Protein chains: 2
Amino acid sequence: MRVYKVLLGLSTLSSFAFGLWPRPKELTTGTTPLRLSSDLSISLAGVAGAPSDLVDAVKRTRGYLKNDKLQALVPDRGSSSKTAVSRAKALRRLQLKYSGQGKPKSISEEAIAAIDTRDEAYTLTVPADGSDAVLTASSSLGLFRGLTTFGQIWYDIDGTSYTLQAPISIKDSPAYKYRGFMLDTARNYFPVADIKRHLDAMSWTKINTLHWHIVDSQSFPLVIPGFQGISERGAYNKKAIYTPADVKEITDYAAARGIDVFAEIDTPGHTSILHHSFPEHIACFEASPWTQFANEPPAGQLRLASPATVNFTASLLTAAAKLFPSKFFSTGGDEINNNCYKQDAQTQTDLAGRTVDQALDTFTQVSHNALKAAGKTAVVWQEMLIVHNVTLAQDTAVLVWISSQDAAAVAQRGHRLIHAASDYFYLDCGGGGWVGNNINGNSWCDPFKTWQKAYSFNPLANITKDQEKLVLGGQQLLWTEQAGPSNLESIAWPRAAASAEVFWSGPGGDVRTALPRLHDLAYRYIQRGVKAIALQPEWCALRPGKCDLDA
Amino acid sequence: MRVYKVLLGLSTLSSFAFGLWPRPKELTTGTTPLRLSSDLSISLAGVAGAPSDLVDAVKRTRGYLKNDKLQALVPDRGSSSKTAVSRAKALRRLQLKYSGQGKPKSISEEAIAAIDTRDEAYTLTVPADGSDAVLTASSSLGLFRGLTTFGQIWYDIDGTSYTLQAPISIKDSPAYKYRGFMLDTARNYFPVADIKRHLDAMSWTKINTLHWHIVDSQSFPLVIPGFQGISERGAYNKKAIYTPADVKEITDYAAARGIDVFAEIDTPGHTSILHHSFPEHIACFEASPWTQFANEPPAGQLRLASPATVNFTASLLTAAAKLFPSKFFSTGGDEINNNCYKQDAQTQTDLAGRTVDQALDTFTQVSHNALKAAGKTAVVWQEMLIVHNVTLAQDTAVLVWISSQDAAAVAQRGHRLIHAASDYFYLDCGGGGWVGNNINGNSWCDPFKTWQKAYSFNPLANITKDQEKLVLGGQQLLWTEQAGPSNLESIAWPRAAASAEVFWSGPGGDVRTALPRLHDLAYRYIQRGVKAIALQPEWCALRPGKCDLDA
């Protein structure tokens, strides 16, 4: 065997990705190596009356710093920096400082407060000389976001955590208040533990909202006090449920990680499963062929024109709303099938000359008034506003899903909107058709929505200057016809980080410079036990730019 | 809360999927419930001198029978059958009987024998009256296949394993000798443990070949004695390697599960990584822009016209071939880039007036003669035969990958072929473009290849009667530009079971009747710890046919 002096993997300092994700609003870095002392302390002395969830967040951060052991993504995985690191100054302390008024609230309280009132800003300085790093914020939520950033700074070489880019100075705050992820737990069920792990992963990219599409026509896993029969007859099995205790466990866990969980009970469509406990309220139950009655099987919609059904729905929503601390609550409103109502004799009688849209208007007003009485702000899918012209309270937030182009129409109507468009953000597209006997069937929203596609999104396209304030933010979404616990993580990560950065850092990021950071994030997720997938051959991940189209 | 007498989930016996996969050649079932005795024994008394790997397979089967606990996929998950099951006769013993000549060989020995010599046939009877079930085969491999089938018969209700379809009589043997799975461990690396778990999953659907695309331009994880410098400089890191001991562990593990592992060292293309240890043998190393020199980065091909390189390659293949007990060994031969050779001054000199194809012919003959001397039968990708017209030994097997249509051209040339076509069997299609800065880039082989698409494959399309004997079988394939340990299982399962059934049971299966069995298989995989994904909402999985297009 001959030996060649091939210097494979010789790295330069500048080739490091410095994998902060999302990228901070303002960031300056130096070129001095700095290592983390093995007895690093994170001091809360500057946060008088630190809430317990902030104390816990500090503990978790210490855990990540100790366990991440993420090697730099360069061919030699950082070994050529070993000498420089061993000679570097050691950082012994990170000080947290609270700069707000009065006693700090808990992260949890701030995370679920009305969206306009949240403050997620922070500053972070990491000097090069080993003197204390300082994280300052006027909220616990801001301190939490800063801790998340601090946890992304460090690489590992043979057990030593280090950066080559001290001093570091960061001033950061989000471009948009709403940065979400939608999970459908009705097509297939996700155990509580899977949702909690997903919430951790969301928090690592500063996503602050779980839009929980908790029930649908296929199953009703939510146990609602006073309506337990629905889940008894509508969950996939006795264990595939979310009890009020489960919901509290999830919402508490989320809130402590800066995440607001708002639930959706989709109405009046997507409700077939209610038939098993309340048959009188469901039209066209499992009507065949389903293609004529619903966008997917099984067919079945609430009899929106029936006064009894209207009242039932309002009661159901009121009871469900009590389970969730979020200010938001979604009543859905997508994909209402007119033929279902046309073929339903009772609905035709109940309409009494009204159009379906007129009945939907009444149905929605009663539902939304009930939610308002429960302290909630309604969220709806776009058709409610721009197809059915339903009367909506001014503060109702509208989810734009059919096409990103539709945001303009929502904004023109003066409503706040959440970007959730299938042409950029649907994580389930591209998986092939799932209808059983359709050999050449394809995903309805083909092709696959890559991270690059989501990352290229412009939240203000076709939005006027005056309307900009209506854009709350956006999210990627996972509908679970072909997903479950087995592939939640591989579908979501690191792809869902794309919208997290678009809505935290603002649009216009360059996919070339983003990709090395995104690889970094994915490898860090794997170190933390979340199965993020490879976006490219590792050869590419170790050589930024070399797998670009024009490289 | 009102109580409705909704008989959700009332099942009939006929609604059970009876989830054997692949479907046996001959199967008769009854309608009598039968349960497995908790002290079921699997007797090898009828197999004098039973080999140790068969004894181990019996132990694993007992483990599956004990731990699967797969509930029937009906809305009530089988509870309406509980009374019938509790009153059923109990099966206390499965007898294995060897009907072959002389002492049985080991599963391992039979699994890696020349493909034409393998015997995988078995018969299995499970009487309804509790008398012994009997599994008979004239080979250990056949007994192993029968054990796999026996393990798929049973459902669980509250800790009792049962079938509702006794008596059962099965006579089974494969339609095709080759049923494979190709895994690329070069774009991204897979630890040995992941490969072993994958081999188990493969064996559960009677897949009998792992086509191990072990190295490529991006990395060279294979440690080859005498050529250790290649993996030292070409593996992603010091741990991302397969040592000879690892290879033995994998091939032994596979063989004991009826799987032959044949390796591929792709030549002369897909060899960029060799430059780091043998720069003299590589043309157009990492030439830029890569789009002009290779189908993906990094560029680099063996200098096929150089006598030194020809000899080097033959030596390398000889050394690699010694690591693998399989009779097959692939030298690749796909995607040779002519511009690379055109731009390489040394190659132009070495050609000395020959065409690249003429040089390739010499290169291949030397390589294949070396393999032949090592006791191997060569396997190549289709271009070698039908594009470059290389001289190939008559027994060379040809992998058809570019299009299923190309099988006919291979057969016309009188060569044995393995179906591996991108338009049916590529598991990586539909995942979006992975090139870094290509926002609207898409999978080159879009769309996603669904299980239905693979299942609809006809191995004999455009093949004449005389040529049928040339069709060895086929496989699904996973190229790992966007895959790694995080998503191997979710990409492969249960989808790769589609080709397993096409090539075991023969083509022409109906996707309608296959789907309930495939759900069954996927749920069983999950019970065994392999993360098969949901093909549909669970609502559909519990209601065969209800999610068909015309339901």
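This passage describes how chain B and chain A meet in a predicted model, and then the surroundings of Ser404(B). In this model local features need pLDDT of at least 70, side-chain atom pairs count only at pLDDT 80 or more, and totals for chains, interfaces and linings use all residues. Residues are numbered from 1 along each chain as its sequence is written, chains are lettered from A and ligands numbered from 1 in the order in which they are written, and side-chain values use heavy atoms, with hydrogens and water left out.

A general point concerns the relation between copies. Two copies of a chain are related by a rotation about an axis and a shift along it. Here, a turn of 180 degrees with a shift of 0.0 Å along the axis lays chain B on chain A with an RMSD of 0.0 Å. The two copies are thus related as by a two-fold rotation axis. The superposition is by least squares on the C-alpha atoms of residues with pLDDT of at least 70 in both copies. Among the residues of chain B, Gly430(B) comes closest to the rotation axis, its C-alpha lying at 2.8 Å.

Contact (heavy atoms within 4.5 Å) between the chains takes in 78 residues of chain B and 78 residues of chain A. Because 100% of the interface residues of chain B are also interface residues in chain A, the copies meet through the same surface. The buried area, which is the accessible area (1.4 Å probe) that two parts lose on being put together, summed over both, is about 6,500 Å² for chain B and chain A, with 55% of it on carbon and sulfur atoms.

Across this interface, 36 residue pairs are in polar contact, both residues at pLDDT 80 or more. A polar contact is a pair of N or O atoms within 3.5 Å; within protein, one must be able to donate a hydrogen and the other to accept it, and residues adjacent in sequence count only if both atoms are side-chain atoms.

Within chain B, Ser404(B) lies in the loop between strand E14 (397-400) and helix H13 (407-412). Helices (H or I, at least four residues) and strands (E, at least two) are DSSP runs, numbered from the N terminus. Ser404(B) is buried, with a relative accessible area of 14%; buried means under 20% relative accessible area (1.4 Å probe, protein chains only). Not counting residues up to four places away in sequence, Ser404(B) touches Ala421(B), Asp423(B), Tyr424(B) and Phe457(B). The side chains of Ser404(B) and Asp423(B) are joined by a polar contact of 2.7 Å.

Note on methods: Buried < 20%, exposed > 50% of the residue type's maximum accessible area, 1.4 Å probe, protein only.
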